[in-house]
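Colleague: I have a model open and would like to learn how to read it. Please take me through the features one at a time.

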Amino acid sequence: CCIMEIGMGLRGLDSQPLSRKGNKMLHFRDHVNQAERSKWLNKELKDAAHTYRIPGYNVPPPYSQISFKRRPTHCVDVGVNVAGFSIYASPFFKNVTGFEPARSTYHTAVENIKSSGKKNIKVNNLAVGDKSGETVHLRTHENELSRDASCFNPAQHPGWGREQVEEVSTICLEDIYSQHNIDYIDYMKVDCEGSEYPLLIN
């Protein structure tokens, strides 16, 4: 991998709600007003452009000497969220392959990509870790904000008592290469809520 950004965790790429009903976030697909959807997605793309730096495009001095080893082809987005980064990065790469474990957020990402008209993005509803084929229990905080999704044990963490739990399969970095016909990852964004180290050490 040539260029990597790890665990940014910045507010800009979190799934920002357009409105709430009580303490529940309304996802992208819950809105029927196309103007609101477009406004929200445009904000996500603006935040992605501000947050993430891609060599040859928006890397300011003194880091502008950083460059790709070849013409950038493959971008991997680990922790797609609502696809703000994937859509933003798609013009710079031939392919963008993403992974989002939270099912609701995954469907929101798919709709955002469809709405954007980008054809070179593929998102998978999988968790990325150190092994493939395992089943992990993904816990989402009661307010359903996707940035609060994790596989940790909530017993010692107040406020996670009424979390939603879903099962999701895993894929490791080696299988990302083999299953998606990737010979070399030119750029990888990693924001996977604590799985960064197992993913990379493997």
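Modeller: Start with a residue on the outside. At a relative accessibility of 67%, Asn181 counts as exposed, because the cut-off for exposed is over 50%. Asn181 belongs to the loop that links helix H4 (173-179) to strand E10 (187-190). Keep in mind that this is a predicted model.

Colleague: What is the phi of Asn181, and is its sign positive or negative?

Modeller: Phi of Asn181 is positive, about 55°, although Asn181 is not a glycine. Asn81 is another case: its phi is near 55°, again a positive value in a residue other than glycine. Asn81 sits in the loop between strand E4 (74-78) and helix H2 (84-89).

Colleague: Is Asn81 buried or exposed?

Modeller: Asn81 has 10% relative accessibility and counts as buried, because buried means under 20%.

Colleague: How far should I trust the model, and what is the mean pLDDT of the chain?

Modeller: Read confidence for the whole chain, then by region. The mean pLDDT of the chain is 76, and 67% of the residues reach 70 or more. By element, confidence is highest in strand E6 (residues 121-124), at 98, and lowest in strand E2 (residues 20-21), at a mean of 38. The pLDDT is below 50 over residues 8-29, a stretch that has 63 contacts in the model beyond near neighbours in sequence.

Colleague: How many helices and strands are in the chain?

Modeller: The chain has 5 helices and 10 strands. It has 202 residues, and 48% of them count as buried. About 10,600 Å² of the chain is exposed, with 49% of that area supplied by carbon and sulfur atoms. For contacts, look at separation along the sequence: among those between residues at least 6 apart, 70% join residues at least 24 apart.

Colleague: How do I describe two helices that pack together?

Modeller: Two packed helices are described by the distance between their axes and the angle between those axes. Here, take helix H1 (residues 34-51) and helix H3 (residues 103-116): their axes come within 11 Å and cross at roughly 95°. H1 and H3 are therefore roughly perpendicular to each other, because angles of 65 to 115 degrees count as such.

Colleague: Which residues of H1 and H3 meet?

Modeller: From H1 come Gln34, Trp40 and Leu41, and from H3 come Thr108, Asn112 and Ser115. By class, the residues of this contact are 2 nonpolar, 4 polar and no charged.

Colleague: Glu44 is also in H1. Why does Glu44 count as buried?

Modeller: Glu44 counts as buried because its relative accessible area is 1%. To see a neighbour from elsewhere in the sequence, go to Tyr88, which is 44 residues away along the chain; the C-alpha atoms of Glu44 and Tyr88 are separated by 8.8 Å.

Colleague: And in a strand, which residues does Gly98 touch?

Modeller: Gly98 is part of strand E5 (residues 95-99). Leaving out residues up to four places away in sequence, Gly98 touches Asp77, Val80, Lys122, Val123 and Asn124. Gly98 counts as buried because its relative accessibility is 0%. The C-alpha atom of Gly98 is separated by 7.2 Å from that of Gly79, which is 19 residues away along the chain.

Colleague: Where is Gly133 placed, and is Gly133 buried or exposed?

Modeller: Gly133 is in the loop between strand E7 (127-129) and strand E8 (135-140). Gly133 counts as exposed, at 66% relative accessibility. Gly133 and Thr170 are 37 residues apart in sequence, with 5.4 Å between their C-alpha atoms.

Colleague: Which helix holds Glu174, and what is the relative accessible area of Glu174?

Modeller: Glu174 lies in helix H4. Glu174 is exposed, with a relative accessible area of 59%. Along the chain, 42 residues separate Glu174 from Ser132, and their C-alpha atoms are 9.0 Å apart.

Notes
Residues are numbered from 1 along each chain as its sequence is written. This is a predicted model: local features need pLDDT of at least 70, side-chain atom pairs count only at pLDDT 80 or more; totals for chains, interfaces and linings use all residues. Side-chain values use heavy atoms; hydrogens and water are left out. pLDDT is the predictor's confidence in each residue, from 0 to 100. Helices (H or I, at least four residues) and strands (E, at least two) are DSSP runs, numbered from the N terminus. Contact means heavy atoms within 4.5 Å. Axes are lines fitted to C-alpha atoms, for helices over the stretch in contact, and angles run from 0 to 180 degrees between N-to-C directions. Angles under 35 degrees count as roughly parallel, over 145 as roughly antiparallel, 65 to 115 as roughly perpendicular and the rest as oblique. Ala, Val, Leu, Ile, Met, Phe, Trp, Tyr, Cys and Pro count as nonpolar, Asp, Glu, Lys and Arg as charged, and the others, Gly among them, as polar. Buried means under 20% relative accessible area, exposed over 50%, partly exposed in between (1.4 Å probe, protein chains only). Accessible areas come from the Shrake-Rupley method with a 1.4 Å probe; for residues, only the protein chains shown count as cover.
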